[in-house]
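Work through the exercises below with the sequence and the model side by side. Try each task before reading its solution.

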Amino acid sequence: MIRLTFMYNLPAGADEDEFLNWRLNEHHQANVSMPGVVNTGFARITDCWPKGSMPDYRFQTIVEWPDREAFEAGFYDEGVQAELNENLKRLGDYSFILSEVLIGSGT
């Protein structure tokens, strides 16, 4: 399984409630309907370890595909990339991590 983990912050002055309304509805549906996606999730980061340290990011999205071929066909799709580039304009700093899941409770 291929997992894309995307961690990010909103820019200074952004309306978090407005962002969440968009992210939990319209944008979630876009992620679910991306070609080949088998799982996606969104989270608000509330804490980190070690205790007392501050998280670098406020939000996290994960998107999973069954294999590298499905990931590349779905994520690198021209339309998906165009939409992603527009959506990134809503955000402050961010980081993408791509990983190959070798074992998990569902694998």
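The exercises cover the sheet, the salt bridges and the aromatic rings.

This is a predicted model, in which local features need pLDDT of at least 70, side-chain atom pairs count only at pLDDT 80 or more, and totals for chains, interfaces and linings use all residues. Residues are numbered from 1 along each chain as its sequence is written, and side-chain values use heavy atoms, with hydrogens and water left out.

**Exercise 1. The sheet**

Task: Work out the strand order of the open sheet and find which strands stand at its edges.

Solution.

Step 1. Set the terms. Strands (E, at least two residues) and helices (H or I, at least four) are DSSP runs, numbered from the N terminus. Two strands pair if DSSP finds at least two bridges between them.

Step 2. Take strand E1, residues 2-8. Seven bridges join E1 to strand E3 (residues 59-65), and the two run antiparallel. Seven bridges also join E1 to strand E4 (residues 94-100), again antiparallel.

Step 3. Check single residues. Phe6 has Thr61 as its bridge partner in E3. In E4, the partner of Phe6 is Phe96. Leu4 is bridged to Val63 in E3.

Step 4. Write the order. The open sheet has four strands, E2-E3-E1-E4, with antiparallel pairing. E2 and E4 each have a single partner strand, so they stand at the edges with one side lacking a neighbour in the sheet. From one strand to the next, the twist averages 15 degrees. Angles run from 0 to 180 degrees between N-to-C directions, and axes are lines fitted to C-alpha atoms, for helices over the stretch in contact.

Step 5. Add the helix. H1 packs on the sheet and touches E1, E2 and E3 (contact: heavy atoms within 4.5 Å). The direction of H1 makes about 170 degrees with that of E2.

**Exercise 2. Burial of E1**

Task: How many of the seven residues of strand E1 are buried?

Solution. Buried means under 20% relative accessible area, exposed over 50%, and partly exposed in between (1.4 Å probe, protein chains only). Six of the seven E1 residues are buried, so the strand is largely enclosed by the rest of the structure.

**Exercise 3. Salt bridges**

Task: Find the salt-bridge partners of Arg58, Glu72 and Glu86.

Solution.

Step 1. Apply the cut-off. A salt bridge is a side-chain nitrogen of Lys or Arg within 4 Å of a carboxyl oxygen of Asp or Glu. The whole structure has five.

Step 2. Start with Arg58. Its partner is Glu16, with the closest N and O atoms 3.1 Å apart. Arg58 lies in the loop between strand E2 (39-44) and E3, and Glu16 in helix H1 (residues 16-32), so the pair ties together parts 42 residues apart in sequence. Arg58 is partly exposed at 32% relative accessibility. Glu16 is partly exposed at 24%.

Step 3. Move to Glu72. Its partner is Arg68, and the closest N and O atoms are 2.9 Å apart. Both lie in helix H2 (residues 68-75), four residues apart, or about one helical turn.

Step 4. Finish with Glu86. It pairs with Lys89, the closest N and O atoms being 2.9 Å apart. Glu86 is partly exposed at 47%, and Lys89 is exposed at 63%. Elsewhere, shared partners join Glu16, Arg44 and Arg58 into one salt-bridge network.

**Exercise 4. Rings**

Task: Classify the ring pairs Phe42 with Phe59 and Phe71 with Phe75.

Solution.

Step 1. Set the limits. Rings of Phe, Tyr and Trp (its six-membered ring) pair if their centres lie within 6.5 Å; planes under 30 degrees apart count as stacked, over 60 as edge-to-face and the rest as tilted. A search of the whole structure finds 15 aromatic pairs.

Step 2. Phe42 and Phe59 have ring centres 5.6 Å apart and planes at 15 degrees, so they are stacked. Phe42 is in strand E2 and Phe59 in strand E3, so the pair ties together parts 17 residues apart in sequence. Phe42 is partly exposed at 21%. Phe59 is buried at 0%.

Step 3. Phe71 and Phe75 have centres 5.3 Å apart and planes at 15 degrees, so this pair is stacked. They sit four residues apart in helix H2, about one helical turn. Phe71 and Phe75 are both buried.

Step 4. Trace the cluster. Ring pairs link Phe6, Tyr8, Phe19, Trp22, Phe42, Phe59, Tyr94 and Phe96.

Step 5. Look for charges over rings (NZ of Lys or CZ of Arg within 6 Å of the ring centre and within 35 degrees of the ring normal). The charged end of Arg58 sits over the Phe59 ring, 5.9 Å from its centre. The charged end of Arg90 sits over the Trp22 ring, 3.8 Å from its centre.
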